[in-house]
Amino acid sequence: MSPATAIANTADHGFTGLTGFAADILTALGDVGVGVLVFIEVLIPPIPSEVILPFAGYLSQSGDLHLGWLIFWSTLASWIGALLLYALGRAIGMERAVRLLAATRLVSRTDLERGAHWFARSGGWTVMVGRMVPGVRSLISIPAGASRMGLVRFSAYTIIGSGAWNAMLIGVGAALGTQHERLEHYLGYLDYAVYTAIAVALLVLVIRRVREARTPRSRSARADAAAIDGMAD
């Protein structure tokens, strides 16, 4: 697709607001665009892949996007983002990573400690399953890195789990895309759905932060973080 065609198509996809912005990226960058959006989602959890990926699948039925490449680029982006968080956990340990990320206010300490608890109790296979669990999906990489889990094993679990999750969500969107004419009347409401999803995610994050400020950190959470850091020794 030529640059001129890409620029022209960004104006006629019919979406506005945040969904229009995502559509512009996907239209201009093609299948690689979904990788850009997913990479951002990995590092900024309140942006939900449950919105981005079905939307990309939907657009694949009415544009120049291809399902196979959407799955490939989204999974590659998930893996690269997971590697960054894995490296963080490996470099500074679980306890310090929890303090650092919780201080950003973008990540809930509760989610971090839940991921640590799950990993400490169930082992490395949780990296694969955790890629399909909202709130844990990105953060499960940190205890894996802090415990110095083998990089090849971590990568395999991450790619399998992310690939399955991404393929499912993109496939759902593609199925809806076959009904484009029937759904066209409702496309104007998609922005509201996206904003609502993000607002709910942020509200949950704020509520958790308030609760965490009022509740002393549990001994169990400290023990889990110490146990994961101990795995690296």
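Glu-95 is partly exposed in this predicted model, with a relative accessibility of 23%. Its side chain meets that of Arg-99 in a salt bridge, at 3.7 Å from N to O. Arg-99 is also partly exposed, with a relative accessible area of 45%. Side chains of opposite charge can pair when their charged atoms come close. Both Glu-95 and Arg-99 belong to helix α6, where they sit 4 residues apart, about one turn of the helix. An α-helix has 3.6 residues a turn, so residues three or four places apart point the same way. How many salt bridges does the structure hold? The count is 1.

The accessibility values given for three residues are listed below.

| Residue | Relative accessible area | Class |
|---|---|---|
| Glu-95 | 23% | partly exposed |
| Arg-99 | 45% | partly exposed |
| Arg-148 | 41% | partly exposed |

Arg-148 is found in the loop between α9 and α10. Its phi is positive, about 60°, although Arg-148 is not a glycine.

Asp-31 is a charged residue in another setting. It is placed in the loop that joins α2 (17-29) to α3 (32-43). Asp-31 is buried but has no salt bridge. Where is the nearest side chain of opposite charge to Asp-31? That side chain belongs to Arg-131, 19 Å away. A salt bridge needs a nitrogen and a carboxyl oxygen within 4 Å, so at 19 Å Arg-131 does not pair with Asp-31. What the side chain of Asp-31 does reach is the backbone nitrogen of His-66, at 2.8 Å. Beyond its neighbours within four places in sequence, Asp-31 has contacts with Asp-64, Leu-65, His-66, Trp-69, Leu-70 and Trp-73.

Helix α3, which follows the loop of Asp-31, has 12 residues. From first C-alpha to last, α3 reaches 17 Å, close to the 16 Å expected at 1.5 Å a residue. Its buried residues are Gly-33, Val-34, Gly-35, Leu-37, Val-38, Glu-41 and Val-42.

Val-34 also appears in the largest nonpolar core, which has 30 residues. Together with Leu-26, Leu-59 and Ile-142, Val-34 is among those with the most contacts inside that core. Two or more residues each are given to this core by α2, α3, α4 (49-60), α5 (67-92), α6 (94-103), α7 (109-122), α9 (141-146) and α10 (151-177). Which element supplies the largest share? That is α4, with 6 residues. A second core, separate from this one, has 9 residues, including Tyr-86, Val-127, Ala-144 and Phe-154.

Notes
Residues are numbered from 1 along each chain as its sequence is written. This is a predicted model: local features need pLDDT of at least 70, side-chain atom pairs count only at pLDDT 80 or more; totals for chains, interfaces and linings use all residues. Side-chain values use heavy atoms; hydrogens and water are left out. Buried means under 20% relative accessible area, exposed over 50%, partly exposed in between (1.4 Å probe, protein chains only). Lys and Arg count as positive and Asp and Glu as negative; His and the chain ends are not counted. A polar contact is a pair of N or O atoms within 3.5 Å; within protein, one must be able to donate a hydrogen and the other to accept it, and residues adjacent in sequence count only if both atoms are side-chain atoms. Contact means heavy atoms within 4.5 Å. A nonpolar core is a set of buried Ala, Val, Leu, Ile, Met, Phe, Trp, Tyr and Cys residues joined through side-chain atoms within 4.5 Å. The expected span of a helix is 1.5 Å times one less than its number of residues.
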